[in-house]
Amino acid sequence: MFNIEEIRSQFPITQKEFKVYGSDEFKKLIYFDHGASTHPPLRVLNKYIDFLKNYYANVHRGHHFLSMISSELFDHVYDTIYRYVKADSEDNAVILTSNTTYALDIAASVMSGIEGITLVSMMEHHSNDLPHRKRSEVQHFGLNPDGTINMADLEYKLHKYKVKLVAVTGASNVTGYMPDIHGIARLAHQNGAKILVDAAQLLAHKAIDVKPNDDIEHIDFLAGAGHKAYAPFGSAFLIGPRKILDEAEPYIPGGGTVVYVTTDDVYFAKSPDRHQGGTPNIAGAIALAESLKFLDEVGLDNIRQHEMELTGYALKGLKRIEGINLLGDFKLKDRLGVISFNVKDLSNNLVSSVLNYESAIATRNGCFCAHPYLHFLLGLTDTTELRAKLVLGEDIDLPGAVRVTIGIFNTKEEIDILLEELSRIAENRWSANYDALISGFSCNEVVLNPN
Ligand SMILES: Cc1ncc(COP(=O)(O)O)c(C=O)c1O
């Protein structure tokens with residue numbers, strides 16, 4: 001059973017308070033920025049610290065107790081990831097790396113030697129677009145007017161080009177929309193292409209099943225990161241077909257990637273070592289595995305249910321506030337708790353700042369590293385003027401939005417406070433003067449917690 005009080009008690013950050021503008025009182029932090037990074041629960045923190053305190057040693061290179069224990073803990077991480085995404089360890093390799101961007105770039109890199117183009121969806125985070133542009137020819141597949149994937153355009157382009165890879169997000173970091181990744185996999189495979197799913201947003205919020213390698217709906221490559229799944233920063237993974245990974249050039253050749261080296265020859269190791277040059281983030285990987293076990297034990301279906309309820313409740317409330325313009329409007333079953341919006345024509349910097357400084361509500365604002373998708377959702381078809389100003393180095397307010405992302409420990413009461421505060425903002429009733437803040441965007445000492 002999902003008990004929210006019990007869940008909250010496991011996250012020390014839920015106790016955090018900040019002094020807010022115009023009051024001597026401290027207010028409980030309301031954290032709605034899970035889409036950027038999530039906080040580790042106690043058991044993950046304890047695992048992390050326990051490793052640093054008691055077992056800290058490099059892996060695979062020592063015949064002493066610490067190194068052997070460290071190696072064993074590290075090697076278990078792979079098994080946990082296989083289990084978490086239901087992948088077959090015979091056919092697939094897990095490559096441990098530092099963040100989703102690296103994981104996606106490794107996929108782009110290992111596919112770069114294969115003939116064909118990469119099809120990238122128009123709703124991608126830049127991290128699942130720019131690495132492909134750097135390493136292969138890229139074409140984008142389009143969107144429907146409602147901001148969902150245009151499957152007909154994808155199919156058309158799969159026929160038109162020789163496609164080797166389709167790159168698509170498991171869930172948008174702007175709208176939370178979850179494309180039908182298995183339907184896309186089916187189309188890709190029917191046309192001789194592989195699929196890469198960016199699971200950065202999905203990983204901690206909905207159960208993932210990559211399906212067996214011989215299933216037409218199998219996800220070939222999947223990338224995810226610990227810092228968006230209740231583990232510390234600096235640990236992430238890519239899972240992909242062993243055959244492709246082992247035939248590709250090592251991502252960063254160096255220590256740990258070889259079996260044997262002479263002055264004129266190198267015998268590279270198989271995956272994962274082949275693509276894990278240098279010392280990995282051992283403590284981070286162990287903490288990542290612990291967080292995945294934690295999520296599994298709470299139950300991804302329970303988490304999904306809780307977050308769907310909160311998302312539905314928040315959306316209902318937001319739609320009632322005059323002046324709020326939501327980006328994208330999808331069925332609850334097709335989206336995560338990622339909600340982007342603008343308040344009338346107020347700057348997104350201002351709205352986020354008022355929420356923060358006056359109510360200790362943490363949101364994110366800006367373009368969310370997904371400029372093409374955001375422009376589409378905002379109906380910005382002509383960006384010529386914007387580009388011209390950028391080229392001239394002018395200080396411009398980029399078009400953007402405010403984003404609320406819901407996570408495991410959020411509550412209905414927190415959403416009520418958010419809605420109340422947004423109603424106040426929509427009526428232009430904020431207290432402080434933000435003229436300096438919205439351009440400088442720094443913390444001022446009035447609100448900094450001296451503790
Ligand atoms: C969908 C998506 N993909 C990729 C990334 C990049 O993740 P990382 O910061 O772990 O490289 C993010 C980060 O916000 C994201 O939301």
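Start with the big picture in this predicted model: select the seven strands that make an open sheet, which run in the order E4-E10-E9-E8-E7-E5-E6, with mixed pairing. Now look at the two ends of that row. Strand E4 (92-97) and strand E6 (138-141) are the edge strands, and each has a single partner, so one side of each has no neighbour in the sheet. If you sight across the strands, you'll see them turn: neighbours are rotated by 20° against each other on average, direction ignored.

**Stop 1: strand E9**

Select residues 221-225, which make up E9. Is this strand enclosed or open to the outside? 5 of its 5 residues are buried, so E9 is largely enclosed by the rest of the structure. Show the side chains and check both faces: Phe221, Ala223 and Ala225 are on one side, Leu222 and Gly224 are on the other, and all of them are buried.

Next, add the neighbours of E9. Strand E8 (residues 194-198) runs parallel to E9, and 3 bridges join the two. To find the register, pick Leu196, which stands opposite Phe221, then Val197, whose bridge partner in E9 is Leu222. On to strand E10 (residues 236-241), which pairs with E9 in the antiparallel sense over 4 bridges. Here, click on Ala223 and look across to Leu238 in E10.

**Stop 2: the loop from E9 to E10**

While you're here, follow the chain from E9 towards E10 and stop at Tyr230, which is found in the loop between them. Its phi is near 65°, a positive value in a residue other than glycine. Tyr230 counts as buried because it has 29 C-beta neighbours inside 10 Å.

**Stop 3: helix H4 and helix H7**

Select residues 100-111 for helix H4, which has 12 residues. From first C-alpha to last, H4 reaches 17 Å, close to the 16 Å expected at 1.5 Å a residue. Which strands does H4 touch as it packs on the sheet? The contacts are with E4, strand E7 (163-169), E8, E9 and E10, and the direction of H4 makes about 25° with that of E10.

How many residues of H4 are buried? The count is 12 of its 12. Among them are Thr100, Thr101, Tyr102, Asp105 and Met111. As you turn the helix in the viewer, bear in mind that residues three or four places apart point the same way, because an α-helix has 3.6 residues a turn.

Then bring up helix H7 (residues 181-190), which lies across E7 and E8 and runs at about 155° to E8.

**Stop 4: around the ligand**

Show the ligand and the 14 residues around it. Which of them come nearest? Look for Asn99, Thr100, Thr101, His125 and Asn173. You've already met Thr100 and Thr101 as buried residues of H4. Colour the shell by class and you should get 4 nonpolar, 9 polar and 1 charged residues.

**Stop 5: a cis peptide bond**

Go to Ser271 and Pro272, which are joined by a cis peptide bond with omega of about 10°. Pro272 is found in the loop between strand E12 (266-268) and helix H9 (282-298).

**Stop 6: a four-strand sheet**

Now select E13, E14, E17 and E16: in the order E13-E14-E17-E16, these 4 strands form an open sheet with antiparallel pairing. Strand E13 (324-326) and strand E16 (364-366) are at the edges, each pairing on one side only. The twist from one strand to the next averages 35°.

Zoom in on E16 and strand E17 (residues 401-405), which run antiparallel and are joined by 3 bridges. One residue to click is Gly366, whose bridge partner in E17 is Ala401.

Two helices belong in this view. Helix H10 (residues 300-320) packs on the sheet, touching E13, strand E14 (338-343) and E17, and its direction makes about 15° with that of E14. Helix H14 (residues 412-426) lies across E13, E14 and E17, running at about 20° to E14.

**Last stop: Phe368**

Finish in the loop between E16 and helix H12 (371-377), where you'll find Phe368. Phi of Phe368 is near 55°, a positive value in a residue other than glycine. With 22 C-beta neighbours inside 10 Å, Phe368 counts as buried.

Note on methods: Residues numbered from 1 in each chain as written. Predicted model: local features only at pLDDT ≥ 70, side-chain atom pairs only at ≥ 80, totals over all residues. Pairing = 2+ DSSP bridges. Axes fitted to C-alpha atoms, helices over the stretch in contact; angles between N-to-C directions. Contact = placed C-beta atoms within 7 Å. Near = placed C-beta within 6 Å. Nonpolar A, V, L, I, M, F, W, Y, C, P; charged D, E, K, R; others polar. Expected span 1.5 Å × (residues − 1). Buried ≥ 20, exposed ≤ 12 C-beta atoms within 10 Å, placed from the backbone.
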